[in-house]
Amino acid sequence: QVQLVESGGGLVQAGGSLRLSCAASGRTFGSYVMGWFRQAPGKEREFVARISWSGDGYCADSVKGRFTISRDNAKNTVYLQMNSLKPEDTAVYYCAAGKRRGIAYEYDYWGQGTAVTVSS
């Protein structure tokens, strides 16, 4: 069982930066792939970024070059550094923990989310 708690959301002007954190409980944090997802009002939840236990990160095209995912296994924490924010980045951001199963990643645990609002 893994419990996830996100923090770091808030209101920021376009072009600004925020860093989201996700603190995980459990001794097996390092064995999980960690992901960030977001859901904007009236839209489906979408993938933002993921990072393997060894630190290999991958970001969606929509945020590539602006967002960076990282993790500190000693602190059981994963981060999402968001730079050059745009109004379309406004969403609730969720942290998730999962495993790679075959060619797909499946996320078994989810946080409650942290809201990010980017004003124009």
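Two strands are counted as paired if DSSP finds at least two bridges between them. The model described here is predicted.

**Pairing around S9**

Strand S9 covers residues 91–101 and pairs with S4, S11 and S10, as listed below.

| Strand pair | Sense | Bridges | Example of bridge partners |
|---|---|---|---|
| S4 and S9 | antiparallel | 7 bridges | Trp36 and Cys95 |
| S9 and S11 | antiparallel | 3 bridges | Ala91 and Val116 |
| S9 and S10 | antiparallel | 6 bridges | Gly98 and Tyr107 |

Strand S10 spans residues 104–110. The hairpin of S9 and S10 has 2 residues between the strands, and Gly102 takes a positive phi near 70° there.

**The nonpolar core**

The largest nonpolar core holds 30 residues. Leu4, Met34, Trp36, Leu80, Met82 and Tyr93 have the most contacts inside this core. At least two core residues come from each of S3 (18–24), S4 (33–39), S5 (46–51), S7 (67–72), S8 (77–82), S9 (91–101) and S11 (114–119). Trp36 thus appears in both parts of this report: Trp36 is among the core residues with the most contacts, and Cys95 in S9 is the bridge partner of Trp36.

**Contacts of Leu80**

Leaving aside residues up to four places away in sequence, Leu80 touches Leu18, Arg19, Leu20, Trp36, Val48, Ala49, Phe67, Thr68, Ile69 and Tyr93. Two of these, Trp36 and Tyr93, are also listed with Leu80 as having the most contacts inside the core.

Conventions
Residues are numbered from 1 along each chain as its sequence is written. This is a predicted model: local features need pLDDT of at least 70, side-chain atom pairs count only at pLDDT 80 or more; totals for chains, interfaces and linings use all residues. Side-chain values use heavy atoms; hydrogens and water are left out. A nonpolar core is a set of buried Ala, Val, Leu, Ile, Met, Phe, Trp, Tyr and Cys residues joined through side-chain atoms within 4.5 Å. Buried means under 20% relative accessible area, exposed over 50%, partly exposed in between (1.4 Å probe, protein chains only). Helices (H or I, at least four residues) and strands (E, at least two) are DSSP runs, numbered from the N terminus. Contact means heavy atoms within 4.5 Å.
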